[in-house]
Each structure stands twice: as structure tokens, then as C-alpha cells.
Amino acid sequence: MKKYFAEIFGTFWLVFGGCGSAIFAAGYPNVGIGFVGVSLAFGLTVLTMAYAVGHISGGHFNPAVSLGLWAGGKFSGKDLPGYIISQLVGAILAAGALYLILTGSDKEIGGFAANGYDNLSPDNYSMMSAFIAEFLLTAFFLLVILGSTNERAPKGFAPIAIGLCLTLIHLISIPITNTSVNPARSTSQALFAGGDYLPQTWLFWVAPILGAIVAGFIHKALFDKE
């Protein structure tokens, strides 16, 4: 249960910090943090929680990460349902908190930092573009996670590498899909954004999970042993 609570808290912080920065601070008049600030916010949420609770649960905070670690032989399949449910609970609780805060102002909900493609893409990228981006970015995210946590990697630096990788991922792909690489994060925001965001959520489950699993198999076959 400690592991599941750690995943709830970690995923809550990721969604609250990352999506919260996008909702409240990205476009703030004149002094908004912009894409760079939001990218850093997502990276910092993972970095801080990896140090805070990573020693308890492994610091996944993302169903795609859990499945990628399983594919790489670093995580037990019997724990997958509990981890994924915990991640969804944490993400939805965070989105609910963000919704309550936002509705306490005169601002509209708008896109609520949800992910999308075609007309819901920040820059109108197609479904195929979104799928390729989410697949590749999640695959490389998992390669960084698996490599930096390998027993032969320098000890204690994995959260820094992982947080910076997530920052880079957002710097690349916010204009494409608003950046998911995390099915829990996509689901939580789509539930509150509503409209056409919910029917598009399938892509932000399928593409990240496929990318993560492929990366897990690649690492296991090519990089895991000397």
C-alpha cells in the first residue's frame, strides 16, 4: 500500500505542478512563463518526487513508464494494475483540485492543458504527427529511465537525468500535442476539459504505451548487460 500511495502522491504532484503551470502561469499577461516554464515545471515535478518517494515505489507516476519497465524486465507484472490505478487516481485528484481553483476565478476552463491532435493540437498537427511524436518521445523517455537507473550507471543522479529528459520532451512537443507521454495525465485533463478531448484520449494511451514497451524490449536486448 505504501507503494500505491507513493504513486498517488507522485502523480498528483506531476499533474498539479505541470498542468497547473500551463493553466495558471503560461500565458499570464506580460510575465507568463511560456513553453519553457511549463517544460521546466513538468521536469521539476518528476525530479522532486523521484527523490521524495522514488525509494518507495520506484517513482513511475505514469502508466507508460510502468509498462515500459515491465517490458524491460525491471518491474513485476502483478503490480501493474495497482500502479496504473494509483496513477489514475492521483492524476484525477490533481485535475479536480486544479478545476476547483480555476473555477474560483472569472476565467474559462478552455482546453485545461488537455492533449489533442488535429483541431485540438496547439498548432493543428495531424493524428499521424501526434502519434509519431508521442511514440518516439515516450520511447526515448524510457531509454533514459532504464539507462540512468541501471546498476552500472552513476548512483544518485537518475532523477536529474529523468527530470531533464521530461523537460526536453515538453520543449519539443508542446506545440504538437500539448505533450502527454503519460496516459494518466491525458485522461485526468480530458475528463474536465470535456468536449472532443475525451474521444481523442485513445491516442495518448496507445502511442505512449507502445513506445514505452518497444523501448523496454530494446534496452533489455541491447543495453542491459555488458
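**Notes on two pockets and two helix pairs**

1. Starting with the second largest pocket: 20 residues line this pocket, and A22, I23, F24, A26 and G27 are the ones nearest its centre. Helices α1 (2–25), α2 and α6 are the elements that contribute two or more residues each to that lining. Bear in mind as you read on that this is a predicted model.

2. The space in the second largest pocket comes to about 360 Å³. Sorted by class, its lining has 13 nonpolar, four polar and three charged residues.

3. Now the largest pocket, which holds about 470 Å³ of space. Its lining runs to 31 residues, with G58, G59, I145, T149 and I162 closest to the centre. The class split for this lining is 16 nonpolar, 12 polar and three charged residues.

4. Which elements supply at least two residues each to the lining of the largest pocket? They are α2 (34–57), α3, α5 and α6 (158–177). Of these, α2 gives the largest share, with six residues.

5. Two of those helices, α3 and α5, also pack against each other. Helix α3 covers residues 63–71 and helix α5 covers residues 127–148; their axes lie 10 Å apart at an angle of about 60 degrees. The pair is therefore oblique, and α3 passes α5 in a right-handed crossing.

6. If you want to look at the α3–α5 contact in the model, pick out A64, V65, G68 and L69 on the α3 side. Their partners in α5 are T138, F141, L142, I145 and L146. By class, that contact has seven nonpolar and two polar residues, with no charged ones. I145 is worth a second glance, since this α5 contact residue is also among the residues closest to the centre of the largest pocket.

7. On to the other helix pair, α4 (residues 80–102) and α7 (residues 183–193). The axes of these two helices come within 8 Å and cross at roughly 40 degrees, which makes α4 oblique to α7. The handedness of the α4–α7 crossing is right-handed.

8. Who meets whom between α4 and α7? From α4 come Q87, L88, A91, I92, A95, G96, L98 and Y99. From α7 come A184, R185, T187, S188, Q189, L191 and F192. The class tally for the α4–α7 contact is nine nonpolar, five polar and one charged.

Terms used. Residues numbered from 1 in each chain as written. Predicted model: local features only at pLDDT ≥ 70, side-chain atom pairs only at ≥ 80, totals over all residues. Heavy atoms only, no water. Axes fitted to C-alpha atoms, helices over the stretch in contact; angles between N-to-C directions. Helix = DSSP H or I, 4+ residues; strand = E, 2+ residues; numbered from the N terminus. Parallel < 35°, antiparallel > 145°, perpendicular 65-115°, else oblique. Left-handed = near helix turned anticlockwise from the far one by under 90°. Contact = heavy atoms within 4.5 Å. Nonpolar A, V, L, I, M, F, W, Y, C, P; charged D, E, K, R; others polar. 1 Å grid on protein atoms, 1.4 Å probe; cavity = no way out; pocket = protein on both sides within 12 Å on 5 of 7 lines; lining within 4 Å. Points joined across faces, edges and corners; volume = space filled by probe spheres on them.
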